[in-house]
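Visitor: I would like a close look at a single part of this structure, with its surroundings described as well.

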Amino acid sequence: MEVSPLSHSDPATGLPVGPREGRTAPADYTAKDVLEAVLASLDDDKAEEIVEIDLRGRSDVADYMVICSGRSSRQVAAIAEKLAERLKDKFRIYPKMEGKETADWVLVDSNDVIVHIFRPEVREFYQLEKMWVPGAAHTTPR
């Protein structure tokens with residue numbers, strides 16, 4: 001069976017775009033499904049100041065970005081580990097993770113949804129939201 005090289009369309013233009021790296025066939029879930037699972041996992045693990053950023057039509061890196069904080073390095077690492085475990089169990093997604101060793105800032109990349117988990121001081125220093133959100137209208141604080 002041949003797989004179509006076009007996996008989804010750009011919401012801004014409606015034009016078809018190719019699959020992201022790591023996804024060769026259409027999945028039985030959507031980016032929105034993954035986003036909802038990510039947000040539920042972060043909520044279950046008591047992540048703080050969760051911000052959801054819609055990247056559709058603005059970046060081909062992912063459809064959504066989520067930024068949140070944990071109170072300590074231990075909590076940041078635990079939030080990231082549980083999130084990765086839940087994504088594997090629910091969607092068979094094996095996310096790439098960076099930064100778990102020090103757990104000041106852990107990046108969890110599930111292709112459609114990128115999650116940044118920070119210690120509060122590190123989040124304040126980098127102010128990642130300002131890079132992606134020119135105005136508060138693009139974020140959905142939780």
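Before that, which element of the chain has the lowest mean pLDDT and which the highest? Then please take strand E4 (residues 64–69) as the part to examine.

Guide: This is a predicted model, so confidence comes before detail: where pLDDT is low, the predicted coordinates should not be read in detail. Strand E8 (residues 139–141) has the lowest mean pLDDT among the elements, 49, and E7 has the highest, 98. Over residues 136–140 the pLDDT is below 50, and that stretch has twelve contacts in the model beyond near neighbours in sequence. Residues 1–7 also have a pLDDT below 50, again with twelve contacts beyond near neighbours in sequence. For the chain, the mean pLDDT is 84, and 75% of residues reach 70 or more.

Now to E4. Six of the six residues in this strand are buried. The burial applies to both faces: Tyr64, Val66 and Cys68 are covered on one side, and Met65, Ile67 and Ser69 on the other.

The pairing of E4 can be taken one partner at a time. Strand E3 (residues 48–54) runs antiparallel to E4 and is joined to it by five bridges. Within that pairing, Tyr64 of E4 is the bridge partner of Asp54. Strand E7 (residues 113–118) pairs with E4 in the parallel sense, over six bridges. There, Ser69 has Phe118 of E7 as its bridge partner.

The nonpolar surroundings come next. In soluble globular proteins, nonpolar side chains tend to be buried together. The largest nonpolar core here has 27 residues, and Val66 is one of those that touch the most other members, along with Val34, Val38, Leu42, Val113, Val115 and Ile117. At least two residues of this core come from each of H1, E4, helix H2 (73–91), strand E6 (105–109) and E7. Val115 shows how these parts meet: leaving aside neighbours within four places in sequence, Val115 contacts Val66, as well as Val38, Leu42, Leu83, Val106, Leu107 and Val108. Another core lies apart from that one; it has eleven residues, among them Met65, Ile53, Phe118 and Val122. Val66 is thus on one side of E4 and Met65 on the other, with Val66 in the largest core and Met65 in the core of eleven.

H2 belongs to the same account, since E4 is among the elements that cover its buried residues, together with H1, strand E5 (96–98), E6 and E7. The buried residues of H2 are Gln75, Val76, Ala77, Ile79, Ala80, Leu83, Ala84, Leu87 and Phe91. The helix has 19 residues and reaches 27 Å from its first C-alpha to its last, close to the 27 Å expected at 1.5 Å a residue. Arg92, with a positive phi near 60°, follows H2. Not every position in the helix is buried: Glu85 lies in H2 and is partly exposed, with a relative accessible area of 39%.

One polar detail completes the surroundings. Ser41, in helix H1 (residues 31–44), is buried at a relative accessible area of 2%. Beyond residues up to four places away in sequence, Ser41 touches Lys82, Leu83 and Arg86. Its side chain makes a polar contact of 2.7 Å with the side chain of Arg86.

Technical notes: Residues are numbered from 1 along each chain as its sequence is written. This is a predicted model: local features need pLDDT of at least 70, side-chain atom pairs count only at pLDDT 80 or more; totals for chains, interfaces and linings use all residues. Side-chain values use heavy atoms; hydrogens and water are left out. Buried means under 20% relative accessible area, exposed over 50%, partly exposed in between (1.4 Å probe, protein chains only). Helices (H or I, at least four residues) and strands (E, at least two) are DSSP runs, numbered from the N terminus. Two strands pair if DSSP finds at least two bridges between them. A polar contact is a pair of N or O atoms within 3.5 Å; within protein, one must be able to donate a hydrogen and the other to accept it, and residues adjacent in sequence count only if both atoms are side-chain atoms. Contact means heavy atoms within 4.5 Å. pLDDT is the predictor's confidence in each residue, from 0 to 100. A nonpolar core is a set of buried Ala, Val, Leu, Ile, Met, Phe, Trp, Tyr and Cys residues joined through side-chain atoms within 4.5 Å. The expected span of a helix is 1.5 Å times one less than its number of residues.
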